[in-house]
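Visitor: Please take me through this model feature by feature, giving the general idea before each case.

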Amino acid sequence: MTPTPIPARVRAWGWFMDRFRSMHIATMSPTDIEHNQSMRTIPAPVRRVIFGERDSRVEVRDLSIATSHGQLGLRVYRPRDSRAGAHGLPIAVYFHGGGWTLFGALDVCDWLPSRVAAELGAVVVAVDYRLAPQHPYPAAVDDCLAAVAWAAEHAEKLGASPSRLAVFGDSAGGNLSAVAALRARDAGGPAIRAQGLIYPVTDTTLDDDSMRFNAQKPVLHRADMDAFFRYYLGASREYGADDDPSVSPLRASSLAGLPPAFVQVSAHDVLRDQALAFAARLKAEGTPVDVETYAEAPHGWVTYPKIMRVSLRASADLVDFLRRELSV
């Protein structure tokens, strides 16, 4: 698909971001990173304007589960008017974006998981996984795998069915979703029925066409991806982490036998080409895959739903995919 111009309001937001060191990971100080991990320095009404609001049609419960690495925070969304019926509701585990480094404290990431729960009629479990640089790879992977296992084990207690389990996430969360599907396949479970990959990171390359052409487009710069990889992988890069399929799922020896995938791509995104390459490999190796490219979109329609109007259409596309794949 040929890209169309980025809407003026989104270009204006990109211009605004570029004016401040604290809004791009490549130029953030350690203090900036700490502030951007929780966003507690931003008043709640301002956060809701920037990052979207929780859907009023869901009820929410925060909890903490014990893992081998300590306590892990989860947020469970459930439609207020849902009735599970004989088969139980679908259940989906959501991993937020932010380059494995930003947007912890799940208040910042309420918009998409709450909307999916309301529109799909599903239980959605959002994961407050540990963040780099304090907790580099594989901390996020370990936490997300623990959350998927917990969701499968506790689905019935949540009014859901473990046989209707999906994963989805945006950017780094898309990466973690793809990794969770790979790891579950290789471990023989939990059985994941669908994976929603929203402009996912699938490789550590910084040198494909979209990385060069979109290097300074809103919202994510090529220099930001370099910084995210440095913070997330840390010393593990000395031991070949860039080639590890749990970092770069595009480099897995096989993508066969994975759950159906929906790969959502932003045309003006540095991650565009690697997302499309991952989708092409999935299809070539027999994994069902749908691809949708949003011609006017840069990176970040999940993060900034009130700024990027494509967010409503794209989130509806995601719900349609999940509804189809998680039907009884």
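Visitor: Leaving aside its neighbours within four places in sequence, which residues is Trp100 in contact with?

Guide: Contact here means heavy atoms within 4.5 Å. On that basis, and setting aside neighbours within four places in sequence, Trp100 touches Tyr129, Leu131, Ala132, Ala140, Ala172, Asn175, Leu176, Val201, Phe228, Phe229 and Tyr232. Bear in mind that this is a predicted model, in which local features need pLDDT of at least 70 and side-chain atom pairs count only at pLDDT 80 or more, while totals for chains, interfaces and linings use all residues. Residues are numbered from 1 along each chain as its sequence is written, and side-chain values use heavy atoms, with hydrogens and water left out.

Visitor: Is Trp100 buried or exposed?

Guide: A residue counts as buried under 20% relative accessible area, exposed over 50% and partly exposed in between, with a 1.4 Å probe and protein chains only. Trp100 is buried, its relative accessible area being 0%. The backbone of Trp100 also deserves a look, since phi is positive, about 60°, although the residue is not a glycine.

Visitor: Where does Trp100 lie?

Guide: Elements are DSSP runs numbered from the N terminus, helices being H or I over at least four residues and strands E over at least two. Trp100 lies in the loop that leads from β3 to α4. As a ruler for the fold, Trp100 and Ala267 are 167 residues apart in sequence, while their C-alpha atoms are 22 Å apart in space.

Visitor: Why is strand β3 largely enclosed by the rest of the structure?

Guide: Strand β3 spans residues 89–95, and seven of its seven residues are buried, so it is largely enclosed by the rest of the structure. For its partners, two strands are said to pair if DSSP finds at least two bridges between them. β3 runs parallel to β4 (residues 123–128), to which five bridges join it, and Val93 stands opposite Val125 there. With β5 (residues 160–170), β3 pairs in the parallel sense over six bridges; in β5, Val93 has Val167 as its bridge partner, and Phe95 has Gly169.

Visitor: How many residues of β5 are buried?

Guide: Nine of the 11 residues of β5 are buried, so this strand, too, is largely enclosed by the rest of the structure. β5 also pairs with β6 (residues 194–198) in the parallel sense, over five bridges, with Phe168 opposite Gly196.

Visitor: Which β-α-β unit do β3 and β4 make with helix α4?

Guide: A crossover is right-handed if, with the strands pointing away from the viewer, the path from the first strand over the helix to the second runs clockwise. β3, α4 (residues 111–120) and β4 make a right-handed unit; β5, α6 (residues 172–187) and β6 make a right-handed β-α-β unit as well.

Visitor: Where are the cis peptide bonds and other backbone features to be inspected?

Guide: One cis peptide bond joins Ala132 to Pro133, with omega about 0°, and Pro133 belongs to the loop between β4 and α5 (139–154). Another runs from Gly189 to Pro190, with omega near 0°, and Pro190 is in the loop between α6 and β6. Met39 has a phi near 60°, a positive value in a residue other than glycine; Met39 sits in the loop between α2 and α3 and is buried, with a relative accessible area of 3%.

Visitor: What volume does the largest pocket have?

Guide: On a 1 Å grid over the protein atoms alone, a cavity is a set of points where a 1.4 Å probe fits but cannot get out, whereas a pocket is an open set with protein on both sides within 12 Å along at least five of seven lines; lining residues have an atom within 4 Å of a point. Grid points are joined across faces, edges and corners, and a volume is the space filled by probe spheres set on the points. The largest pocket has a volume of about 510 Å³, and of its 33 lining residues Met17, Met23, Asn36, Phe103 and Tyr304 lie nearest its centre.

Visitor: Which residues of the largest cavity's lining are closest to its centre?

Guide: The search of the whole structure finds one cavity of 30 Å³ or more. Of the 14 residues lining the largest cavity, Tyr94, Val108, Cys109, Val302 and Thr303 are closest to its centre.
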